[in-house]
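Biologist: I am new to this structure. Please take me closely through one part of it, the open sheet and what packs on it.

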Amino acid sequence: MSNFNENTRRKFIKNAVTGAAAIGVGGILPGFSAKSYANILGANDKVRVASMGVNARGLALATNFAGQSNCEIIYVCDVDSRAADKCISKVSEIQGRKPKAEGDFRKALEDKNLDALVVATPDHWHAPAAILASKAGKHVYLEKPCGHNPNEGELLIKAVDKYKNIIQMGNQRRSWPNVVAGIKELHSGVIGRPYFAKTWYTNSRKSIGIGKKVEVPSWLNFDLWQGPAPRRDFKDNLVHYNWHWFWHWGTGEALNNGTHMVDIARWGLQVDYPTKVSSNGGRFHYKDDWETPDTQVINMDFADKCAITWEGRSCNGRPIEGASVGVIFYAENGSLQIEGDNGYKIYDLKGKLIKQVKNETTVDARSLTNPSQALDAIHIQNFFDAIKKGGKLNADIVSGHKSTLLVQLGNIAQRVGDTLDIDPKNGRILNSAAAKKLWSREYQKGWEPTV
């Protein structure tokens with residue numbers, strides 16, 4: 001590898017760590033030890049990774065993992081040969097070694113030298129892939145949401161308990177320094193007792209039109225792409241992003257982006273399972289194949305006199321509170337707003353800004369990363385620290401399932417058109433036979449995930 005690439009990679013990790021210190025987080029971050037920081041700055045024992053799903057977000061993750069001095073991508077796995085080729089080229093440039101192309105990730109799992117699988121596939125593959133990796137003795141970095149349905153989250157918890165591996169969910173804001181600092185201030189009582197969290201995401205997505213049945217492209221293994229989902233015909237408006245808006249493969253904006261902010265809200269309010277969940281909305285903006293809501297408000301009530309709401313607007317990007325994505329905690333003595341860029345603000349009861357902490361993370365302009373990836377590197381290193389040092393995960397699968405479940409319950413309430421009563425001890429639905437049917441899903445015969 002050239003000195004240029006080596007220097008770039010070292011600066012990337014250094015910036016990710018020094019940025020965390022520069023933003024004003026006092027002492028060691030929760031879940032990090034002195035050994036953890038030493039690990040961030042370099043280690044001889046590399047974590048060997050297979051990256052599954054390398055288009056868009058998956059490509060960003062693969063290049064980020066490749067940029068870590070204590071990691072090597074040894075497999076790139078994708079059903080799209082074009083995406084795999086592009087990723088292999090970029091990863092090779094970053095790490096100085098060419099990973100192997102493996103269209104079927106299950107073959108990569110057979111390699112005894114492989115330590116971990118990164119899963120950044122469509123949602124219907126998240127839990128099944130993570131469970132197969134667990135059975136193979138591999139650790140998993142799992143993009144949100146952790147599952148397509150609530151049953152899959154419970155299966156993941158059982159898998160970790162049985163196979164004793166590590167699954168870190170990609171709700172990376174659990175590791176972002178200013179988010180950690182903001183939550184710490186909230187828990188310290190800076191605005192008194194918080195009792196309500198408002199979360200949101202806005203965008204101006206275009207219509208996906210009416211899909212036409214066409215031949216599967218030569219570059220796509222569509223059978224493996226569908227995997228555990230019952231087989232359907234290929235249409236020209238499905239791959240690579242629009243699957244998000246079909247219940248068969250995706251989970252809508254609520255889990256696509258809502259999971260991140262609802263997770264922060266649950267973390268800040270220190271709650272687990274709700275008592276009631278309702279949802280209002282629908283596909284309002286366009287008439288096309290899009291099935292999930294483009295406009296949705298989910299309400300979640302908890303037993304200890306607090307609540308969370310999530311507002312998603314996929315087709316009207318007007319900001320809320322000056323930001324396209326964020327969460328506000330309302331409390332006895334004021335409010336605290338965490339935005340999507342690793343910054344936060346504190347207001348008094350009259351709405352006067354009394355403190356603002358901005359994102360000051362920097363990254364070497366020559367690197368193949370951006371500031372968000374520099375922050376995500378801290379989450380990746382937390383994953384490595386848990387693997388190599390037994391460190392505490394910032395986003396373990398139990399926590400990940402609880403946060404994913406909140407928005408899954410919102411989608412279920414939306415689909416059955418009713419308010420759900422929930423058991424606060426375990427998050428299970430109490431009152432609706434129709435809703436209980438959506439706790440799991442139908443699988444393609446022979447592809448059912450089992451622990």
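Modeller: A definition comes up front: two strands pair if DSSP finds at least two bridges between them. Keep in mind that this is a predicted model.

Start with the whole sheet. It is open and has 9 strands. Their order is β14-β13-β12-β11-β7-β10-β9-β8-β15, and the pairing is mixed.

Now go to the edges. β14 (353-357) and β15 (420-421) stand there. Each has a single partner strand, so one side of each is left without a neighbour in the sheet.

Look closely at β15. Strand β8 (residues 276-282) is joined to β15 by 2 bridges, and these strands run antiparallel. Find Val277: its bridge partner in β15 is Leu420.

Next come the helices. Helix α11 (residues 258-269) packs on the sheet. Helix α11 touches β7 (194-202), β9 (295-302), β10 (306-313), β11 (325-331) and β12 (334-339). The direction of α11 makes about 170° with that of β7. Helix α13 (residues 397-416) packs on the sheet too, touching β8, β9, β10 and β15. The direction of α13 makes about 60° with that of β8.

Step back along the chain to the loop between α12 (371-389) and α13, where Asn394 is found. Asn394 has 14% relative accessibility; buried means under 20%, so Asn394 counts as buried. Its side chain makes a polar contact of 2.7 Å with the side chain of Ser175.

Last, the nonpolar cores. The largest has 47 residues, and Ile308, Phe329 and Ile338 touch the most other members. Another core, of 40 residues, lies apart from it, with Ala50, Val79, Cys146 and Trp245 among them.

Technical notes: Residues numbered from 1 in each chain as written. Predicted model: local features only at pLDDT ≥ 70, side-chain atom pairs only at ≥ 80, totals over all residues. Heavy atoms only, no water. Core = buried A, V, L, I, M, F, W, Y, C linked by side-chain atoms within 4.5 Å. Buried < 20%, exposed > 50% of the residue type's maximum accessible area, 1.4 Å probe, protein only. Helix = DSSP H or I, 4+ residues; strand = E, 2+ residues; numbered from the N terminus. Contact = heavy atoms within 4.5 Å. Axes fitted to C-alpha atoms, helices over the stretch in contact; angles between N-to-C directions. Polar contact = N/O pair within 3.5 Å; in protein donor to acceptor, adjacent residues only side chain to side chain.
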